[in-house]
Amino acid sequence: MPGMLLGDVFPNFEAETTAGRVKLYEYLGDSWGILFTHPRDYTPVCTTELGRIARLDGEFRKRSVKLIGLSLDSLEDHCGWSKDILAYNCEESECCKLPFPIIADSKRELAVALGMLDPDEKDKDGLPLTARCVFVIGPDKRLKLSLLYPATTGRNFDEILRVVDSLQLTAMRRVATPADWKPGDCVMVPPNMPEEEAAALFPAGVFTKDLPSGKKYLRYTPDPQDQGECVDTEGSQTEPKPCTSLKTSFRL
């Protein structure tokens, strides 16, 4: 089954959606984009997922991220089901719409081309349904991240927001984000960056963790977006700890 690899140029497809006919590149413009799929309308897990995405729409907008959904259901089903999603969110279903379009891929053309089908989940005719996919597309229209969940596991869209924060930061700054990183936490200096260059790029300081191997590859610096110092909760400067236990704040 064909699919997308990280760094591939995302295809500029055209599709029927709940907001009319959409050309992907025109819809995204210069923004980041997230294409997410779900197995079927009028199903419980999908309803909770799209409800959560709708509630987080403002957070995605703050990050200049445009959302677009997809499943194999019809436009009529998408529109009818949208009222259930809004009711699940305790909103007036008669006068509100979901803040993102949903593609009706009834012929499975996009699902096949992008490798989004789940062979274990089939419709009444025995044909595979779409899996729970997430594609993050950069402003350069290249695939930055892909996630694939089975039908039985709902996605964590707070984690997807965190991933977007990391992708956007590392696209602009020469840093990496460690496990469980959140905006404001210390980031990591790439191991191939010379110490002199790191000192010039990160005036807030670079802290190296001593390791039994003696290798100096575990290097931290405060989040460059904050341009602060790593300080402990009592205000004194401290060497960052591994991010699973790092308890630091930042000050200018």
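Colleague: Is R52 buried, partly exposed or exposed?
Modeller: Happy to start there, bearing in mind that this is a predicted model. The relative accessibility of R52 is 27%. Buried would need a value under 20%, and exposed one over 50%. R52 therefore counts as partly exposed.

Colleague: Which side chain meets R52 in a salt bridge?
Modeller: The N to O distance in this salt bridge is 2.9 Å. R52 lies in helix α2 and its partner in helix α6, so the pair ties together parts that are 106 residues apart in sequence. The partner is itself partly exposed, at 40% relative accessibility. That residue is D158.

Colleague: Thanks! D165 also forms a salt bridge, so which residue is its partner?
Modeller: Here the N to O distance is 2.7 Å. D165 sits in helix α6, while the partner belongs to the loop between α3 (57–62) and β4, so the bridge connects parts 102 residues apart in sequence. D165 is buried at 13% relative accessible area, and the partner is buried too, at 18%. The partner is R63.

Colleague: Which residues do salt bridges with shared partners join into one network?
Modeller: The pair we just discussed, D165 and R63, belongs to this network. Two further residues are joined to the pair through shared partners. The full set is E59, K62, R63 and D165.

Colleague: And how far apart are the closest N and O atoms of D73 and R40?
Modeller: These two form a salt bridge between distant parts of the chain, 33 residues apart. D73 is in the loop between β4 and α4, and R40 in the loop between β3 and α2. D73 is buried at 5% relative accessible area, whereas R40 is partly exposed at 26%. Their closest N and O atoms are 3.0 Å apart.

Colleague: Let's turn to the nonpolar side: which element gives the largest share of the largest nonpolar core?
Modeller: This core has 26 residues, and I34, L50, F60, L67 and F100 touch the most other members. Elements giving two or more residues include β3 (32–37), α2 (44–55), β4 (65–71) and α6 (157–172). The largest share is 6 residues, and it comes from α6.

Colleague: How many residues does the other core hold?
Modeller: This core lies apart from the one we just covered. Among its members are L28, A111, L117 and A131. The count is 23 residues.

Colleague: Last one: which residues does L50 touch, leaving out those up to four places away in sequence?
Modeller: L50 is one of the residues that touch the most other members of the largest core. With those sequence neighbours set aside, the list of contacts is F36, H38, W81, I85, F100 and I102.

Key: Residues numbered from 1 in each chain as written. Predicted model: local features only at pLDDT ≥ 70, side-chain atom pairs only at ≥ 80, totals over all residues. Heavy atoms only, no water. Core = buried A, V, L, I, M, F, W, Y, C linked by side-chain atoms within 4.5 Å. Buried < 20%, exposed > 50% of the residue type's maximum accessible area, 1.4 Å probe, protein only. Helix = DSSP H or I, 4+ residues; strand = E, 2+ residues; numbered from the N terminus. Contact = heavy atoms within 4.5 Å. Salt bridge = Lys/Arg side-chain N within 4 Å of Asp/Glu carboxyl O.
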